[in-house]
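Below is a set of questions and answers on how terms are applied to one structure.

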Amino acid sequence: MPSAALDDTAALSRNAIHERRTIQPERDLSREYFQREFSGQADEWKQPQRERVLDFILSHHRPRQPMRFFGFPAAMWTFEKMIQDRRPDAKFIGVERSWQVLEYGVRHMPGERTEFEKVEIKTGAIDTFKSSQSRIAHFHAEHFWEMSRFFIGSRAARRQFVQTFFGWTAAWIDPFTSITGRFRESLHRVPARFVENYGNFPLVVSFSIGREYEFESNGSDPFMNRVELVRSELSKNQFRDFVVVDAFTSGREGGVQMGTVCGVVVPRK
Ligand SMILES: C[S@@+](CC[C@H](N)C(=O)[O-])C[C@H]1O[C@@H](n2cnc3c(N)ncnc32)[C@H](O)[C@@H]1O
């Protein structure tokens with residue numbers, strides 16, 4: 001009977017989904033997979049970048065305000081743990097598009113009582129893990145920002161969505177991509193209205209510097225061109241400006257170079 005066949009398929013896919021969500025802390029698969037990206041070697045060049053970003057965020061965050069940090073925690077939540085050392089009461093919102101990275105990282109999330117939670121919204125459901133201090137969503141960052149502008153659903157559902165994922169007081173957008181057209185387009189959606197409830201806040205954007213550098217021959221400084229691109233995209237919001245405070249490059253000699261722009265989102269005069 002067709003309906004029985006459909007039921008079987010549904011049962012099968014339910015099992016498959018259940019299997020995917022099981023956390024297996026002893027599983028070895030992740031070790032090999034993450035060795036390259038998350039070895040001490042990678043950290044050698046990443047650590048000075050993190051420290052400079054941390055100094056910037058701590059010195060530009062409103063001192064008495066509880067911190068609600070948005071970032072890309074990857075597998076190790078290293079930067080979030082650095083914040084936690086300095087601001088033990090901070091809360092963390094993260095986004096990760098790779099389920100494998102997210103699942104591996106769940107054991108490193110700051111906080112206690114970590115559990116899976118499906119957040120239901122009108123346009124679908126978002127898979128998340130949450131703890132007493134953190135929440136990570138299995139989602140594409142650009143979709144997230146898009147939804148912050150065009151949320152479909154009731155007022156109550158929207159309030160719930162904002163409380164769950166937004167209200168950041170500091171953020172580091174560090175997806176390890178170069179400044180493609182898509183990345184640029186997504187940037188001007190970042191300081192969207194859901195983020196703005198809290199006023200001025202420190203926002204950092206990092207990007208990789210690829211071979212495209214070599215083809216820029218108009219005599220201007222390619223890094224400063226990118227800093228300006230980030231600034232202008234983040235300033236496209238009619239109510240907000242992005243004021244650059246610090247910009248620097250980092251990376252291993254002969255390896256990938258990263259650019260980082262630290263700035264403050266401020267109301268437009
Ligand atoms: C460079 S790592 C972040 C490192 C972190 N800031 C640290 O200090 O260790 C970037 C992570 O973001 C994820 N990512 C990249 N682009 C993304 C996107 N558009 N949406 C969601 N996650 C993304 C990658 O899979 C990766 O795990």
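The questions below take up the ligand shell, a nonpolar core and a helix.

This is a predicted model, in which local features need pLDDT of at least 70, side-chain atom pairs count only at pLDDT 80 or more, and totals for chains, interfaces and linings use all residues. Residues are numbered from 1 along each chain as its sequence is written.

Q: What makes a residue count as near the ligand, and which residues come nearest?
A: A residue is near a molecule if its C-beta atom, placed from the backbone, lies within 6 Å of it. Of the 19 residues around the ligand, Ala74, Arg97, Ala141, Pro175 and Phe176 come nearest.

Q: How do you know which residues alanine 171 is in contact with?
A: Contact requires C-beta atoms, placed from the backbone, within 7 Å. Neighbours within four places in sequence aside, alanine 171 is in contact with Phe69, Phe70, Gly71 and Leu203.

Q: Why does the span of helix α10 agree with what is expected?
A: Helices are DSSP runs of H or I with at least four residues, numbered from the N terminus. The expected span is 1.5 Å times one less than the number of residues. Helix α10 (residues 222–234) has 13 residues and should span 18 Å; its end C-alpha atoms are 19 Å apart, which agrees.

Q: Which residues of α10 are called buried?
A: Buried means that 20 or more other C-beta atoms lie within 10 Å of a residue's own, all placed from the backbone. In α10 these residues are Arg226, Val230, Glu233 and Leu234.

Q: Why are the buried residues of α10 said to line one face?
A: The arc is that of the directions from the helix axis to the C-beta atoms. The buried residues of α10 fall within an arc of 95°, so they line one face of the helix. Their cover includes α8 (181–187) and β7.

Definitions and conventions
Contact = placed C-beta atoms within 7 Å. Helix = DSSP H or I, 4+ residues; strand = E, 2+ residues; numbered from the N terminus. Buried ≥ 20, exposed ≤ 12 C-beta atoms within 10 Å, placed from the backbone.
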